[in-house]
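Visitor: Please show me how to read a strand and a metal site in a model like this one.

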Amino acid sequence: MEQAAVPPTEQVRDVVQAVVEALREPKAEEDSPLVAASSFEADALRTEILRVGRKLWERQYVDGNGGNISVRLGSNYVLCTPTMLSKGDLQPADICLSDLDGNILAGDRSRTSELLLHLEIYKANPKARAVLHCHPPYATAFAITGTVPPNGLIPEYEIFIGPAAVAPYETPGTQAFAETVLPYVQDHNTILLANHGIVCWSDTVTHAEWLAEIIDNYCKTYLIALQIGKPLTFIPDDKIQDILALKRRMGFPDARLPKDAAAEAVAVKNTSELERLVEQVVARLEGRA
Ligand SMILES: [Zn+2]
């Protein structure tokens, strides 16, 4: 008996279902902390943390044992820097593996007490895959005045950061301190911590460090510009709107965007990504690729 032809839309639906199911399969390395800690991905992330730690120290963004770096590993784990160690002296074996409750699962050293801050950010915003805290002098100078620099002076700052926020002071290392950033963590990827420093989140450790460089350089340049004694010129509003449209397309957070715009940008990005994926799978099934 001849089989009834399956309509193309149903074929696509079946393929999408198969792709979704495949993506739902838990990764093997997520089953065991020790397997996760010794994976190739963990090795690469530890190397990235060491490289970024060195950059923070060389740029004088950390002092003594100050500052800390973490990155998510799969869905369940976080790699983070230990306490009482300069970020310029990190070795791969110093990096701890923690769960999302802050329990150390692998590594000989004690984790940074400020991991609580990182974990609150991860739990509040799934787009945060890496978190970095440091004390860059110019941005921290603003943090001790409880103010942020004005917006609209340099395009790079507008694109990557936009308006910064100031979280109120709390004793570092406490849960109360960790929760001070929660009101800001959706719309801001860079937050000044009053009387303390800054915290940045991004998709990678490298990109989180870029944010620290960008805000500190912006604060520094703004303060130098004030010394010149001439009126500042600001980027025209219509050009700021161009930047906001770009950020919306890229899915970057910005407090000036309408509340639903960031989610919409992510949804559009995910839809086109899904369409591309489906097209690839269909092409493979049809022998076109
Ligand atoms: Zn600190």
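Visitor: How many residues of strand β1 are buried?

Guide: Burial is read from relative accessible area, with under 20% counted as buried. In this predicted model, 6 of the 6 residues of β1 (residues 68–73) are buried, so the strand is largely enclosed by the rest of the structure. Both of its faces are covered: Asn 68, Ser 70 and Arg 72 are buried on one side, and Ile 69, Val 71 and Leu 73 on the other.

Visitor: Which strands does β1 pair with, and do they run parallel or antiparallel?

Guide: Pairing is read from bridges, and at least two are needed between two strands. β1 is joined to β5 by 4 bridges, and the two run antiparallel; Ser 70 has Val 131 of β5 as its bridge partner. Another 4 bridges join β1 to β2 (residues 77–80), again antiparallel, with Leu 73 partnered by Tyr 77.

Visitor: What lies between β1 and β2?

Guide: The two strands form a hairpin with 3 residues between them. In the turn, Gly 74 has a positive phi of about 65°.

Visitor: Now the metal. Which residues coordinate the zinc ion?

Guide: For a metal site, list the donor atoms, then locate them along the chain. Here the NE2 atoms of His 133, His 135 and His 196 coordinate the zinc ion at 2.0 to 2.2 Å. Their spacing along the chain is H-x1-H-x60-H. His 135 sits in the loop between β5 (130–134) and α5 (137–143), and His 196 in the loop between β7 (190–193) and β8 (197–202), so this pair ties together parts 61 residues apart in sequence.

Visitor: Are His 135 and His 196 buried or exposed?

Guide: Both His 135 and His 196 are buried.

Conventions. Residues numbered from 1 in each chain as written. Predicted model: local features only at pLDDT ≥ 70, side-chain atom pairs only at ≥ 80, totals over all residues. Heavy atoms only, no water. Donors = N, O, S within 2.8 Å, 3.2 Å for Na, K, Ca; no water. Buried < 20%, exposed > 50% of the residue type's maximum accessible area, 1.4 Å probe, protein only.
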